[in-house]
Amino acid sequence: MSSAEPTRRDFLYIATGAVAAIGAAATLVPLIAQMNPDASTIAAGAPIEIDLAPIQEGQVIKVFWRSKPIYISHRTKKEIDEVRAVPVNSLPDPQPDQARVQQGHDAWLVVIGICTHLGCIPLAKQGDYDGWFCPCHGSQYDASGRIRRGPAPANLPIPPYKFVSDSKIQIG
Amino acid sequence: MTGPSTYQPRNAFLKWFERRLPILGLVHSSFVAYPTPRNLNYWWTFGGILSFMLAVQIVTGIVLVMHFTPNVDLAFNSVEHIMRDVNYGWMLRYLHSNGASMFFLAVYIHIARGMYYGSYKAPREVLWILGVIIYLLMMATGFMGYVLPWGQMSYWAATVITNLFSAIPLVGDTIVTWLWGGYAVGNPTLQRFFSLHYLLPFVIAGVVVLHVWALHVAGQNNPAGVEPQSDKDTVPFTPYATVKDAFFVALFAILYAWFVFYIPNSLGHPDNYIPANPGVTPPHIVPEWYYLPFYAILRSIPNKLLGVVALFSSILILAFLPWLDTSRVKSGNYRPMFRICFWVFIVVCIGLGYLGSKPPEGIYVITSRLFTFLYFAYFLIALPILGLIEKPLPLPHSISEAVLKKKGKAAKAAVATVAGLLVVLGGLLGAPTRASAQEEVATPPLVKWSFGGPFGHFDRAQLQRGFKVYHDVCQNCHSLKLLSFRNLAEPGGPGFSEAQIESLAAEYKVKDTNDQGETIERAARPADHFPPPFENDAQARQVTGGAIPPDMSVLAKARGFERGFPYFITDMIVQYQEAGPDYIAALMTGYENAPSGFTLPPNTFYNKYFPAHAIGMRPPLTDKQVDYPDGTPQTVEQYGKDVAAFLMWAAEPHLEARKRIGFQVIIFLIVLAGLLYFTKKKVWHEVEVPRELAHGQDPRATSM
């Protein structure tokens with residue numbers, strides 16, 4: 001026998017093995033994809049509209065969007081002045097208050113109410129900074145939702161939202 | 001084969017590990033070095049196929065449990081949620097439901113192979129009995145799994161099968177109540193069946209380990225039925241048996257894929273797409289096909305207790321085979337009289353399966369009794385006597401000798417016997433079909449649907465027209481609860497735009513709660529489901545004059561008509577899956593004046609396609625009733641076809657994706673099977689054409 005024979009045989013074995021491996025990999029696609037959010041969950045995550053008119057100055061309300069708590073805070077003049085007086089560079093996660101609200105709507109802060117430490121829900125209007133206090137591990141946020149003290153590494157995130165009118169926002 | 005392994009890994013870490021847990025050696029001795037008879041034919045690959053199917057069922061089952069809810073109010077809808085919303089959910093569920101059928105198909109071939117080649121005989125009795133136990137566990141698992149979707153067939157299967165135990169004298173009723181956890185099949189029953197359906201496959205896997213262990217102690221039987229005597233009679237399991245098994249698993253997977261992607265509901269019953277209703281039993285109760293022979297045996301005995309005894313005996317008798325068969329010759333190849341009895345037995349089993357699917361009346365009852373007798377006669381009369389009177393053909397001295405000898409005459413005789421019996425069976429199947437045709441329900445004409453066949457896809461314009469018919473007419477009485485408005489814009493559907501969906505949804509009012517906790521009505525959004533036209537069944541009855549209009553979400557899969565022999569077989573080949581839409585389209589045009597002598601009950605209408613003819617729905621459509629702006633004929637016939645197509649999409653929204661992916665899967669499997677075939681040929685080349693003959697060398701010196 002010439003040396004060509006084993007080469008041809010090896011090629012056949014490698015080709016068979018490769019095709020089988022591709023099949024095994026393709027089989028994993030549905031098995032993995034089925035654990036992602038299904039179509040009804042995605043559809044239920046559509047944007048929601050919130051009427052701001054009933055929210056008094058100094059009041060914070062909690063709504064749910066995509067199963068996440070969203071805090072909407074109607075801030076007082078004092079709270080706005082306080083958070084804007086803090087030197088940005090002194091913050092653990094430096095961000096000016098202006099970057100966390102929408103232009104012309106300085107009184108309205110909309111944040112996802114999930115502590116950036118380990119996912120607990122911070123309590124509104126508590127702690128030393130007129131903002132949020134997380135009961136799990138003591139993280140404290142100011143009235144701009146920025147982390148000021150404690151183990152949380154980042155500010156409370158801002159969800160996607162827009163003002164559809166002066167007294168109505170759409171989240172999502 | 002037994003005793004300590006001689007396997008020694010080369011890698012230092014594996015050596016260290018092997019000294020502490022010799023699992024690699026176990027795998028090596030069981031699945032690599034294990035000597036397997038060199039003359040095994042392809043019937044021996046079904047053990048591997050069964051392992052593959054068990055793995056598929058466990059994996060898909062675990063996935064389905066992630067989305068299924070075992071509760072009488074939620075189970076049916078959660079299965080539909082899997083079919084509609086879960087990513088690839090339809091595929092996973094069809095893999096699982098058709099996987100059960102494939103599993104049983106493979107196990108029946110595996111059992112028949114063992115019976116033909118005498119694999120139950122010494123020293124393999126324990127191996128065989130373990131197999132019977134696996135089969136019993138499979139039956140229990142399959143039955144409980146069938147209950148979980150909580151359709152009509154699920155519910156009534158659960159009722160009928162659990163009632164088998166009520167035949168037990170004195171304690172029967174107590175046992176049945178205990179099985180149910182209530183006074184009838186209900187939520188406790190569903191929940192315990194769910195728990196056990198999850199548990200039993202792992203018990204099966206455990207017994208399979210024992211089965212394989214016993215196999216590896218006794219060694220495999222083979223077509224010659226003589227035990228291996230030297231190394232010349234065997235080849236190592238890997239690569240020889242491994243590649244051969246893999247090739248046949250790939251072929252079997254093509255058949256499996258055919259069912260899953262092209263005819264996924266052909267083995268199921270349409271009634272199981274009707275939610276369970278404890279107040280109404282479907283007119284024809286039949287179990288899944290794999291239980292039909294035993295169901296026929298049960299019904300053939302006119303006494304309740306004896307019927308149940310016959311049913312269980314027909315399965316348990318398998319465990320006694322090693323002692324009922326008195327012949328010492330294993331392989332049917334060398335037993336001319338046994339062979340005829342065996343094939344008669346196979347035909348009897350298939351015949352019982354057919355009879356089990358037929359109503360218990362007339363010729364079917366008598367034939368069932370005859371076949372039940374023949375079934376038991378095989379075990380209790382034929383096998384014990386044959387061993388005493390039969391003169392076996394001369395056995396080969398060794399496997400090697402059997403391999404070299406060409407078999408010819410024997411095979412021809414067997415083929416002739418089977419062919420003759422199949423003709424008999426065909427005649428039997430044909431005759432009853434004519435008898436049942438006398439029920440005089442008109443057969444719906446077959447419509448040429450755009451979504452039929454392997455490359456079928458919906459006609460978007462037709463779906464939109466069909467939706468218009470639903471919207472303008474049907475929805476006044478029929479709900480479409482499982483569909484959301486968003487579905488109408490999803491790929492593979494009628495193809496409405498997002499804007500059209502928004503404005504369509506806004507036409508409907510759905511209930512919600514406002515901030516003050518009051519129930520309000522608000523405009524529907526695309527994510528909402530279609531609101532039902534009636535608050536409840538009682539209100540529906542008031543409005544319609546007695547009838548409850550069925551929900552239309554899965555109606556196209558919940559309806560059909562009897563196709564009869566031989567169509568139920570040819571339908572699998574030509575992929576006829578449109579009995580539902582054909583029936584619905586026909587029903588729309590089937591209203592007629594009742595023939596003289598036919599008394600219509602009050603508030604009903606005569607329809608020639610409706611079973612028993614008296615339908616509670618008044619003729620819903622008239623010509624020109626629904627406006628078609630695109631110039632399509634505005635006739636009842638066209639409306640019927642359009643709404644039937646729309647309902648087919650509503651029942652099977654991923655039909656297009658299913659057929660598209662199915663084509664890809666089958667092409668892939670054909671390529672894989674082809675490659676495995678050539679790999680198998682290469683691997684086996686030196687065994688089948690021994691090198692000592694070709695080149696004067698010892699084959700074993702190079703084949704490893």
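Where in chain A is the place of Leu91(A)? In this predicted model, Leu91(A) sits in a loop of chain A. That loop runs between α3 (77-85) and β4 (108-112).

The surroundings of Leu91(A) were examined next. Within 10 Å of Leu91(A) there are 16 other C-beta atoms. A buried residue would need 20 or more, and an exposed one 12 or fewer. Leu91(A) is therefore partly exposed, with its 16 such atoms falling in between. Contacts were considered with neighbours within four places in sequence left aside. On that basis, Leu91(A) touches Val86(A) and Arg146(A). Ile70(A) lies 21 residues from Leu91(A) along the chain. The C-alpha atoms of Ile70(A) and Leu91(A) are 23 Å apart.

On a broader scale, chain A is divided into two parts, domain 1 (1-36) and domain 2 (42-171). Taken over C-alpha atoms, the centres of domain 1 and domain 2 of chain A are separated by 53 Å.

Chain A also meets chain B. The contact involves 19 residues of chain A and 22 residues of chain B. On the chain A side, α1 (4-33) and α2 (39-44) each supply at least two of the touching residues. The largest share comes from α1(A), which provides 11 residues. By residue class, the side of chain A that touches chain B holds 12 nonpolar, five polar and two charged residues.

How values were computed: Residues numbered from 1 in each chain as written. Chains lettered and ligands numbered in written order. Predicted model: local features only at pLDDT ≥ 70, side-chain atom pairs only at ≥ 80, totals over all residues. Domains from an automatic or database assignment. Contact = placed C-beta atoms within 7 Å. Helix = DSSP H or I, 4+ residues; strand = E, 2+ residues; numbered from the N terminus. Nonpolar A, V, L, I, M, F, W, Y, C, P; charged D, E, K, R; others polar.
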